[in-house]
Amino acid sequence: MSGIFCSLRQLSVTYGRGRNSAALDGIDLDIAGGERLAIIGESGSGKSTLARALAGLLPEGTKVGGEMFWPSLGHPPRPGRDFGFVFQDPGSSLNPVLTIGEQIAEGARRHLGLSWKQAYIRAEELLERVRMPQPDRAMRAFPHQLSGGQRQRVAIAAAIAARPALLIADEATSALDVVVQAEIVRLLDGLVREDGMTLLFITHDIALASGFVDRIAVFRNAKLVEAGPVRSVLSAPESDHTAALIASHRDLATPPLIAGVLP
Ligand SMILES: Nc1ncnc2c1ncn2[C@@H]1O[C@H](COP(=O)(O)OP(=O)(O)OP(=O)(O)O)[C@@H](O)[C@H]1O
Ligand code: NI
């Protein structure tokens, strides 16, 4: 897939009641179909607000200005169908009283029009794709019986069950230890490549993102500071803020990371 997947023009978002400062202010950004785009920024810079705006998940009473275009979809994305969301805490997206199999199958059944039987077969295939150990047993397990990394694999399987065009990972690896973090990043990278999905990888960790994304967009105080290919942002950042973010990760300067940590 290529071409523009989504165009933002002067997108502004102000949450309702008692807030007069914008959470996003005049954002111009194009997202190409099939690209892996990292959204980087400090806490409160507006990263999750951008994800919610794209997904149409802003709370009621939020003021939205500017325009959003979806040239290839032709309509705003439908939750669960056109995009999948993976959050920091899979506990919040997984239902504690449903088996892993039930929750993954539900999305496939509803959005792809499969029978329960077909949906269960697809759910087990998805658990294999996210490299869940013993997928047949995992189908019958409940979320609390899994480790944090395994729950995140399940959340990813559920997010891609309906073959979305866009996958949004919002701090999806932040709660995991570095080894599991690297595994989940490698998994996401493989899945979006295989399926030609567009990936929005939201993180405060520029080093982690730089290892596998195509482009980086840096946010600060509701504004887009700069956006560009990983190499140019890392080697010649336009803003002092980006330079400072890079400087705080000395290991970013080492060639293996720039060349990609993922062989
Ligand atoms: N539901 C909400 N109602 C009111 N204000 C909100 C709401 N959600 C976020 N904000 C405010 O909007 C601004 C941007 O928040 P946002 O969650 O987008 O930042 P972020 O970059 O994702 O931060 P973090 O890295 O901590 O997740 C912040 O000032 C935040 O307090
Ligand atoms: Ni956030």
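Guide: Two strands pair if DSSP finds at least two bridges between them. Helices (H or I, at least four residues) and strands (E, at least two) are DSSP runs, numbered from the N terminus. The model is predicted: local features need pLDDT of at least 70, side-chain atom pairs count only at pLDDT 80 or more, and totals for chains, interfaces and linings use all residues. Residues are numbered from 1 along each chain as its sequence is written, while chains are lettered from A and ligands numbered from 1 in the order in which they are written.

Visitor: Which residue in β8 does L37 stand opposite?
Guide: L37 belongs to strand β3, and β3 runs parallel to strand β8 (residues 215-220). The two are joined by 5 bridges. Across from L37 in β8 stands R215.

Visitor: What is the bridge partner of L37 in β7?
Guide: Strand β7 (residues 198-203) also runs parallel to β3. Again, 5 bridges join them. In β7, L37 is partnered by L200.

Visitor: How many residues of strand β3 are buried?
Guide: Buried means 20 or more other C-beta atoms, placed from the backbone, within 10 Å of a residue's own (12 or fewer is exposed, in between is partly exposed). R36, A38 and I40 point one way from β3, L37, I39 and G41 point the other way, and all are buried. Strand β3 (residues 36-41) is therefore largely enclosed by the rest of the structure, and its buried count is 6 of 6.

Visitor: Which helix gives the most to the largest nonpolar core?
Guide: A nonpolar core is a set of buried Ala, Val, Leu, Ile, Met, Phe, Trp, Tyr and Cys residues joined through C-beta atoms within 7 Å. The largest one here has 75 residues, and I40, I104, A157, L167, I216 and A217 have the most contacts inside it. With 6 residues (148-159 is its span), the top contributor is helix α6.

Visitor: Where does this core lie?
Guide: Domain bounds come from an automatic or database domain assignment. Both domains give residues to the core, so it lies between domain 1 (1-77 + 167-263) and domain 2 (89-164).

Visitor: At roughly what angle do the axes of α3 and α6 cross?
Guide: Axes are lines fitted to C-alpha atoms, for helices over the stretch in contact, and angles run from 0 to 180 degrees between N-to-C directions. Helix α3 (residues 100-112) and α6 have axes that come within 8 Å. The two helices are roughly parallel (angles under 35 degrees). They cross at roughly 25°.

Visitor: Which residues of α6 make the contact?
Guide: Contact means C-beta atoms, placed from the backbone, within 7 Å. Helix α3 brings I100, Q103, I104 and G107. Helix α6 brings V154, A157 and A158.

Visitor: What is the order of the 3 strands in the open sheet?
Guide: The edge strands are β2 (24-32) and β4 (63-69), each pairing on one side only. Strand β1 (residues 4-14) joins β2 over 6 antiparallel bridges, and I4 stands opposite A32. The order is β2-β1-β4.

Visitor: What angle does helix α1 make with β1?
Guide: Helix α1 (residues 47-55) packs on the sheet. The helix touches β1, β2 and β4. Its direction and that of β1 make about 115°.

Visitor: Is A222 buried or exposed?
Guide: A222 sits in the loop between β8 and β9 (223-229). Its phi is positive, near 75°, though A222 is not a glycine. With 21 other C-beta atoms within 10 Å, A222 is buried.

Technical notes. Contact = placed C-beta atoms within 7 Å. Parallel < 35°, antiparallel > 145°, perpendicular 65-115°, else oblique.
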